[in-house]
Amino acid sequence: MWTSLLEIFAARFNDILLASWEHLQLTLISLLLANLIAIPAGIFLTRRRKWAEPVIGVTAVFQTIPSLALLGFMIPLLGIGKIPAIVALTIYGLLPILRNTYAGITGVNPAAIEAGTGMGMTSLQILWMIELPMALAIIMAGVRTATVLIVGVATLAALIGGGGLGELIFRGIAMANSPLILAGALPAAALAVFFDYALKHLEYRTQPGNLAKK
Amino acid sequence: MIEFQNISKTYKPGHPVVKNLNLHVNKGEILVLIGPSGCGKTTTMKMVNRLVEPTAGRILINGEDISMQNPVELRKNIGYVIQNIGLLPHMTIAENVALVPKLKGWNKADYLQRVDELLRMVNLSPEIYRRRYPQELSGGQQQRIGVIRAMAADPPIILMDEPFSALDPISREQLQDELLRLQETVSKTILFVTHDIAEALKIASRICLLKDGDIVQLGTPEQILRHPANDFVRDFIGENRLRSEDSLPTIAEVMKPPVTSRPNRGLAEATMLMRKQKVDTLLVVDANRQLLGKVTMWDIHNRFQNEAILLKDLLRPVLYKVAPQDSLKEALQIISRHAIAYLPVVTDQNELVGVITRSCLVDVMAERWLDSETINLQEVVPHVDQSA
Ligand SMILES: Nc1ncnc2c1ncn2[C@@H]1O[C@H](COP(=O)(O)OP(=O)(O)O)[C@@H](O)[C@H]1O
Ligand SMILES: [Mg+2]
C-alpha cells in the first residue's frame, strides 16, 4: 500500500497540489471573512453589552447545526460551487472568534481602562492601545479554534462543488481507492496540525506576560 | 486652582454620595481628602477629571468651568494616579511613562528624554528599567512609575487616589518621602485621597476630612490635631493625637496652688512661710487675690535687719505670666527661653489662680513617656517649688 501511495502521490502530484491550494484558499478566505465579521462584531457587542447574549446565542446555534447540513442548506440558497462553500465555512468560524473577542475585551482589567481614560485617551485610542492588545491572546485563541474547525469542515466543501482536498477523499471513497483517500486526508490533516501549531505559537507570543520573553 | 462649588453627586436616587461640597484647592498645595471607606473621596476626586459628572454644582479650574471643556483635553492636563496603579502590561516602562506626552503629540526625542529624566527622579536607572515590562518590577517600583507617569507631561494638577495603600509600610514611607521631595522641586497642585491618617498628617498641606459626603473638618494637620472639630475627628485621628502638643493637659489642669502673702506682712513672718513651704519667692496678692508682685528670699535677706520694712516695700514686678486658657506649650517656651523656674497663672482680671513650676512640667512630660506604674514621680523628684 505504501508503494501505491507513493505512486498516487507521484502520478497525481499536480492534482494534490491543486486540491491543497484550493483547500488553503477556502480556509483562508473563510477565515479572513470570519475575522472581518466576528472581530468588529465582538468589539461592537462590548459597547452594547445588552445585545451580547442574544447575538452570541444565535452564532452558537449556527455552530450546533451539523456541518454537512449547513452545507446542504447552502445549495437551495446559493447553489453549488466555491461561494456557498465559503459562506458556510465563514458561518462556522464566527462563533469562536466572536465569543473570544467579546470575552477578551470585557475581561481587560478595568484599572487599565480607567488609567487610559484618565490620561486623556479617546475611546478609539483605548480600543487600539489598551483593549485590543490586552485581549489579543484570547482573541488569537478564538482564531485558532476557528481555523482548525474550518480546515476540517473544508474537506466537506467538495460535496457542494467547493473543491479542495475533499475532492480526492470522496473520489477515493467512491472508487474504493485507499491511497487516493489518503492523498486527500494526509495533506488535510497536515494543514490542520500546521495551523494549530503556528497559531498556538502566535497566541503565546501575544500574551502580555510573555512579551518580555521575546 | 480647583474650586468645587456646591457639588453634589447621587448615584442612587435618595442616597447622595457627595452633598453640596464647597472646597478650594490652592495652587501648589497637597490637599488630602480623607475619610472612612465609602464616604465619597474617590467620587469627589473623579469629578475633577470628569470620570464622574456631578449631579449638581460646578467645578472651576483656574476660574474656568470644566463642564464646558472637552474631557479628553482636560484630562491630558491633569495627572492621574490610581490605587491599582493601572500600568499597561503590554507596554514597556518607557512606553507607559511616555503615554501622555505621546498623546499630546510631543516628538520622540523629547519624550524619550523626559522618560529618562523622570526615572532618574525616582532613583530608577533608565538604562535598566526603560525596556522592562511592568510585571518585572516590584510593587513599590510599579507605584513609582505610576506617579511619574502622571507627571510626564508636566501637568499643573495631579490627582492621586490611594496611590500607596497597597504597599508595605517601608515602601509606603519611602514613596511618601519621595513625593514630598518631588513636590519641593516641581510644586504641583495635588489632590490626594487616602484613608490613612498618618499618611495624611505627613504629606498634607491641608486635610479635608469627609464623612458621608460632608466635609467634617478642613484645615492644616496642625489645626486638625490641635482643634478637632468633634468626636468623629478625635476618633479618626486617634492615636496620632497623643503625639501632638494638643495632647498636653491644659494649664488649668497642671497648675499648683501658689504660695502667697499680703503686702503689709513683716519679713520674719514671710521667712517662716518660705521655710515651711520650701520656696524662695512669695507672690504678693491683695484681698481680692490680685497679683501685686513678688518678693524674693534674696531681697528679704538684704533688708532683714530693718524691722520697719514690710513686704510691700520689697515688691518686684512679675515680668512673665500666663493665663489659664493658654497652652502648656507656651508656658514651657517661656520657662525655657527665660530660664525661669516658675510662672504665675493669672486671669484676664489679674487674679492669681495658680502657678506652673518646673516640677509640674516634669510630671506632665513623664506621664507622656512612662507608664504611670513604672515609676512614682512624686517620690523620686524632689519637690523644689517656686525657686526663682
Ligand atoms: N459608579 C457607581 N455607581 C453607584 N454607586 C457608586 C459608584 N461609585 C461609587 N458608588 C458609591 O458611592 C459611595 C462612595 O464611593 P467612593 O467615592 O468610591 O468612596 P471612597 O473613595 O471614599 O471609599 C459608595 O457607597 C459607593 O458604593
Ligand atoms: Mg476610594
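**Two chains and a ligand**

Visitor: Where do I start?

Guide: Start with a salt bridge between E29(B) and R206(B), whose closest N and O atoms are 2.8 Å apart. This is a predicted model.

Visitor: Why does that pair tie together parts that are far from each other in sequence, and which parts are they?

Guide: E29(B) sits in the loop between β2 (15–25) and β3 (30–34) of chain B, while R206(B) belongs to strand β9 (residues 206–211) of chain B, so the salt bridge links parts 177 residues apart in sequence.

Visitor: How many salt bridges are there over all chains?

Guide: The structure holds 23.

Visitor: And how many across the interface of chain B and chain A?

Guide: The rule finds one there. E114(A) pairs with K46(B), and their closest N and O atoms are 3.5 Å apart.

Visitor: What about residue pairs in polar contact across that interface, how many?

Guide: Two pairs, both at pLDDT 80 or more.

Visitor: Which elements of chain B supply residues to the side that touches chain A?

Guide: α2 (71–76), β6 (78–81) and α4 (99–103) of chain B each give at least two residues to that side. By class, the side of chain B that touches chain A has twelve nonpolar, five polar and five charged residues.

Visitor: How many residues are in contact on each side?

Guide: On chain B there are 22, and they meet 20 residues of chain A.

Visitor: How do people usually give the size of an interface?

Guide: Often as the accessible area lost when the parts come together. Between chain B and chain A, the buried area is about 1800 Å², and carbon and sulfur atoms give 72% of that.

Visitor: Which residues in chain B lose the most area to chain A?

Guide: H90(B), L103(B) and Y133(B), which together account for 28% of what the chain B side buries.

Visitor: New topic. What is chain A made of, in helices and strands?

Guide: Chain A has nine helices and zero strands. Along the sequence, its pattern reads α-α-α-α-α-α-α-α-α. The C-alpha atoms of chain A fill a box of roughly 70 × 45 × 20 Å along the principal axes.

Visitor: Now the ligand. Which residues are around ligand 1?

Guide: The residues around ligand 1 are Y11(B), V17(B), S37(B), G38(B), C39(B), G40(B), K41(B), T42(B) and T43(B). Helix α1 (residues 41–46) of chain B provides the largest share of this shell, three residues. Sorted by class, the shell has three nonpolar, five polar and one charged.

Visitor: Which atoms of ligand 1 lie by polar atoms of G38(B) and K41(B)?

Guide: Oxygen atoms. One is 2.7 Å from a polar backbone atom of G38(B), and a backbone N or O atom of K41(B) lies 2.8 Å from an oxygen atom of the ligand. For Y11(B), a polar side-chain atom is 3.3 Å from a nitrogen atom of ligand 1.

Visitor: How much of ligand 1 does the protein cover?

Guide: The protein covers 55% of the 560 Å² of accessible area that ligand 1 has on its own.

Conventions
Residues numbered from 1 in each chain as written. Chains lettered and ligands numbered in written order. Heavy atoms only, no water. Contact = heavy atoms within 4.5 Å. Buried area = accessible area lost by both parts, 1.4 Å probe. Salt bridge = Lys/Arg side-chain N within 4 Å of Asp/Glu carboxyl O. Polar contact = N/O pair within 3.5 Å; in protein donor to acceptor, adjacent residues only side chain to side chain. Helix = DSSP H or I, 4+ residues; strand = E, 2+ residues; numbered from the N terminus. Nonpolar A, V, L, I, M, F, W, Y, C, P; charged D, E, K, R; others polar. Near = heavy atom within 4 Å. Areas by Shrake-Rupley, 256 points an atom, 1.4 Å probe, with all protein chains shown as cover.
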